Amino acid sequence: MIEVKNLYKGYGKKPVLKNISLQVQKGSIHGLIGRNGSGKTTLIKCLTGIYKQDQGSLRVCGEEIYDNPDVKARIGYVADRNEYFSNYRIYEMVDLYEELYPDFSRSDFDDYNEAMNLDDRMLIKQLSKGQKMRLAIILNLSIHPDILILDEPTEGLDVIAKRQVMDFMIREVEEREMTVFITSHHLEELENFCDSITMIRDGKITGCGSVDEMKETVTKIQIVMKKGLPHGFDQWKGVLHYSNVGSIYTIVWKHFDEDKKEALRLAGAELIEEIPISLEEIFLYENRGQEAE
């Protein structure tokens, strides 16, 4: 459904996306995570055909997206800032979408809006940031897109609205096999929502796969070391972070394996126990300092 191969995009002499490749399957929910300035929004603007890549290929629904209105009509796009015609009323925006998108369903919009509770007589300029986001999401769901691309869609939404829009998207994925591509800084939400995740840093992909697969690459353990960690432990291969309370040490380790477990035993570890790690922790430690080899 989305296929990116060796994509490069820069602004002048400054590279932003550096030969990245990824695939997103039809009917799946894929999350993109990275720090501000990592290239997330640039990638989204390439995926929506706003920007043309400098090198590489980018195919959506089997076709190149840039300058392709037929494919663009099959994509819903919710930006992090949704600045519609400020003097339009909501019902006028609905009229415009109905005119622009042949598959737009006014009845579906009305059904969504029963939950969102937006007064369609309000001017766009009267709406709060959260109300604009709710409007953008239900307008784009109502065009029945094959792919829905969202850039920080939960910003400004309260807890109830977040749950409602996520339920809307899950229903569309299940019933129509809509594909969702989403960025968010709220990693706990993505962990529970996405089928797969891509992690991007400085324009390069540093991890890609299901949430479970990403957790397999980074391990969090607790150990008991009564004599303390051996000298130079912070230089051991793959150690991303460690802390302690007394003789109990918590270590976050990339590519932890039996050889490293045995090395800990030889160094005096009396107990080695793996404990759960969250996607947010993986992101935090992968982006703190230099990446472990």
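**Exercise 1. Look just after helix H9. Which residue follows H9, and what is the sign of its phi?**

Step 1. Glycine 268 follows H9, and its phi is positive, near 115°. Helices (H or I, at least four residues) and strands (E, at least two) are DSSP runs, numbered from the N terminus.

Step 2. Go back to the start of H9, which spans residues 258–266. There, a side-chain oxygen of aspartate 257 comes within 3.2 Å of the backbone nitrogen of aspartate 259.

A note on the source: this is a predicted model, where local features need pLDDT of at least 70, side-chain atom pairs count only at pLDDT 80 or more, and totals for chains, interfaces and linings use all residues. Residues are numbered from 1 along each chain as its sequence is written, and side-chain values use heavy atoms, with hydrogens and water left out.

**Exercise 2. Describe the protein chain as a whole. How many helices and strands are there?**

Step 1. The protein chain has 10 helices and 14 strands.

Step 2. Its C-alpha atoms fill a box of roughly 70 × 40 × 35 Å along the principal axes.

Step 3. The chain has 293 residues, and 48% of them count as buried. Buried means under 20% relative accessible area, exposed over 50%, partly exposed in between (1.4 Å probe, protein chains only).

**Exercise 3. Work out the open sheet of 4 strands. In what order do the strands lie?**

Step 1. The order is S2-S1-S4-S5, with antiparallel pairing. Two strands pair if DSSP finds at least two bridges between them.

Step 2. Find the edges. They are strand S2 (14–24) and strand S5 (63–64), and each pairs on one side only.

Step 3. Inspect one pair. Strand S1 (residues 2–11) is joined to S2 by 7 bridges. Glutamate 3 stands opposite glutamine 23 in S2.

Step 4. Add the helix. H1 (residues 40–47) lies across S1, S2 and strand S4 (55–60), at about 60° to S2. Such angles run from 0 to 180 degrees between N-to-C directions, with axes fitted to C-alpha atoms, for helices over the stretch in contact.

**Exercise 4. Study serine 28. Is serine 28 buried or exposed?**

Step 1. Locate serine 28: the loop between S2 and strand S3 (29–33) holds it.

Step 2. Serine 28 is buried, because its relative accessible area is 11%.

Step 3. Check the side chain. One of its polar atoms lies 2.6 Å from the backbone oxygen of glutamine 25.

Step 4. List the contacts (heavy atoms within 4.5 Å). Beyond its neighbours within four places in sequence, serine 28 touches Met178, Thr179, Val180 and Asp195.

**Exercise 5. Trace the open sheet of 6 strands. Which strands form its edges?**

Step 1. Write the order: S6-S7-S8-S3-S9-S10, with mixed pairing.

Step 2. The edges are strand S6 (75–78) and S10, each pairing on one side only. The twist averages 15° from one strand to the next.

Step 3. Follow S3. It runs parallel to strand S8 (residues 179–183), joined by 4 bridges. S3 also pairs with S9 in the parallel sense, over 4 bridges.

Step 4. Pick out glycine 31. Its bridge partner in S8 is isoleucine 182, and in S9 it is isoleucine 197.

Step 5. Turn to S9 (residues 196–201), where 5 of the 6 residues are buried. S9 pairs with strand S10 (residues 204–210) in the antiparallel sense over 6 bridges. Isoleucine 200 stands opposite isoleucine 205 in S10.

Step 6. Finish at the turn. S9 and S10 form a hairpin with 2 residues between them, and aspartate 202 in the turn has a positive phi of about 50°.

Notes:
Polar contact = N/O pair within 3.5 Å; in protein donor to acceptor, adjacent residues only side chain to side chain.
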